[in-house]
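Colleague: I am new to this structure and would love a close look at one part of it. Could you walk me through what surrounds that part as well?

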Amino acid sequence: MTLLEFKDLRVTYRGSRGRLPAVRGVDLAVDAGETLGIAGESGCGKSTLAMAVLRLLPKSAEVSGQILLDGEDLLAMGWGRLRAVRWTGASIVFQGAMHSLNAVQRIGRQIAEPILVHEPKTTPAQAAKRAEALLERVGLPPSRARSFPHELSGGQRQRVMIAMALACDPDLLIADEATTALDVMVQAQVLRLISDLVRERGVGLVMISHDLSVLSAVCDRAAVMYAGRIVEQGPAHEVFAQARHPYSAALGAAFPVIGDPAARMHPGGLAGDPPDPLRLPEGCSFRPRCAVAVERCGAESPELLEVGAARVSACFVAQEGMPVVG
Ligand SMILES: Nc1ncnc2c1ncn2[C@@H]1O[C@H](COP(=O)(O)OP(=O)(O)OP(=O)(O)O)[C@@H](O)[C@H]1O
């Protein structure tokens, strides 16, 4: 059953330099209990997509299309309904979310707060008990409920944010670079924790990262974004190990998993910079950085089309069945 669906989502920021198209027509679906990774370099529109789900974008953002959560359009609903959906329907953990904890409030109280707001029949004692159980589930001693944020390490605070995001049993969790600010060892532990928790609770997960190898380790499916569009989508390990778009291949090579034989399949890496969204090139947006571009790529923008079982790619070369690594 489809849990979350983006239908032709477009987000344009109005600014002093003009209108900046950050998301340019994204169609994407996540099933209940499924884990979807979204990969791409900085600036490709991943966070804009994530923020759009809970309507957290700044006023300068013009949004069109639909974002359906359980069939209900989040972009069309009133603020009252939206407040009810936040935390219970969908919740989000940001990069560096640990800095958004309230410095002068105990951890347990902060985790209990969304429970008390969204479940008015719950007593403060019951909410406190649930907060302790959640702390335990994210690998922290329940006694930490009495701690203040400054008494915890960065990794522990990020675990608290995950506990808080899951406090009201949402159907969907969005993790936007949720482990990027942590050191590598802690990153791996927190990633495993998120993946265990969503599977055990049947929560749908959208995990956003610039690192395709991270997503391939955690997610069922992966979508790769470039210049505001999805350019490839498929089973996560396949997108990483056998990319069907030259950008995914380069992204996979830029962050190879040490010791993974798949890492050797993509020589090269990621040279050059993504295009300025205000001055996108003619034809395919990736063409200026692409080693396998053909003449047509400079004239036409490729659609996202099927290139194999459960695989889609917006690349003319892949659509012709040719190798995407030069
Ligand atoms: N509030 C804003 N006003 C104007 N432009 C913005 C705003 N937020 C983001 N942008 C621009 O929109 C584009 C997409 O940004 P976004 O943050 O969604 O990308 P991202 O892939 O999440 O990158 P990062 O990983 O660096 O956050 C970029 O060109 C960015 O400069």
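Which residue stands opposite R14 in β2?

Modeller: Happy to help, and please keep in mind that this is a predicted model. The residue opposite R14 is R19 of β2. To see where that pair sits, start with the two strands: β1 (residues 2-15) pairs with β2 in the antiparallel sense, over 11 bridges. Both belong to an open sheet of four strands in the order β2-β1-β4-β5, with antiparallel pairing. At its edges stand β2 (18-31) and β5 (72-73); each has a single partner strand, so one side of each is left without a neighbour in the sheet. As general background, strands of a sheet pair through backbone hydrogen bonds, either parallel or antiparallel.

From this sheet we can step across to helix α2. The strand β4 (61-69) is among the elements that cover the buried residues of α2, along with β6 and α3. Those buried residues of α2 (residues 79-88) are V85, R86 and W87.

Now follow β6 into the other sheet. Eight strands form an open sheet in the order β6-β7-β8-β3-β9-β10-β12-β11, and the pairing is mixed. Its edge strands are β6 (90-93) and β11 (305-308), each pairing on one side only. From one strand to the next, the twist averages 25 degrees. Within this sheet, β3 (residues 35-39) and β9 (residues 221-226) run parallel and are joined by four bridges. There, I38 stands opposite A223 in β9. Helix α9 (residues 246-254) lies across β3, β9 and β10 (229-235), and runs at about 105 degrees to β9.

Two loops of this region are worth a pause. A227 is found in the loop between β9 and β10, and its phi is near 45 degrees, a positive value in a residue other than glycine. A227 counts as buried because it has 24 C-beta neighbours inside 10 Å, where 20 or more are needed. A310 lies in the loop between β11 and β12 (311-313). The phi of A310 is near 60 degrees, again a positive value in a residue other than glycine. With 10 C-beta neighbours inside 10 Å, however, A310 counts as exposed, since the cut-off for that is 12 or fewer.

Finally, let us return to α3, one of the elements covering α2. Helix α3 (residues 107-118) packs with helix α5 (residues 154-166) at an angle of about 25 degrees, their axes being 8 Å apart. That angle makes α3 roughly parallel to α5, because angles under 35 degrees count that way. The crossing in which α3 passes α5 is right-handed. On the α3 side the contact is made by I107, Q110, I111 and P114, and on the α5 side by V160, A163 and M164. These residues divide into six nonpolar, one polar and no charged. In general, an α-helix has 3.6 residues a turn, so residues three or four places apart point the same way.

Beyond this helix, E119 has its place in the loop between α3 and α4 (124-137). E119 is partly exposed, with 15 other C-beta atoms within 10 Å. E119 and C168 are 49 residues apart in sequence, yet 8.3 Å apart in space, C-alpha to C-alpha.

Technical notes:
Residues numbered from 1 in each chain as written. Predicted model: local features only at pLDDT ≥ 70, side-chain atom pairs only at ≥ 80, totals over all residues. Axes fitted to C-alpha atoms, helices over the stretch in contact; angles between N-to-C directions. Parallel < 35°, antiparallel > 145°, perpendicular 65-115°, else oblique. Left-handed = near helix turned anticlockwise from the far one by under 90°. Contact = placed C-beta atoms within 7 Å. Nonpolar A, V, L, I, M, F, W, Y, C, P; charged D, E, K, R; others polar. Pairing = 2+ DSSP bridges.
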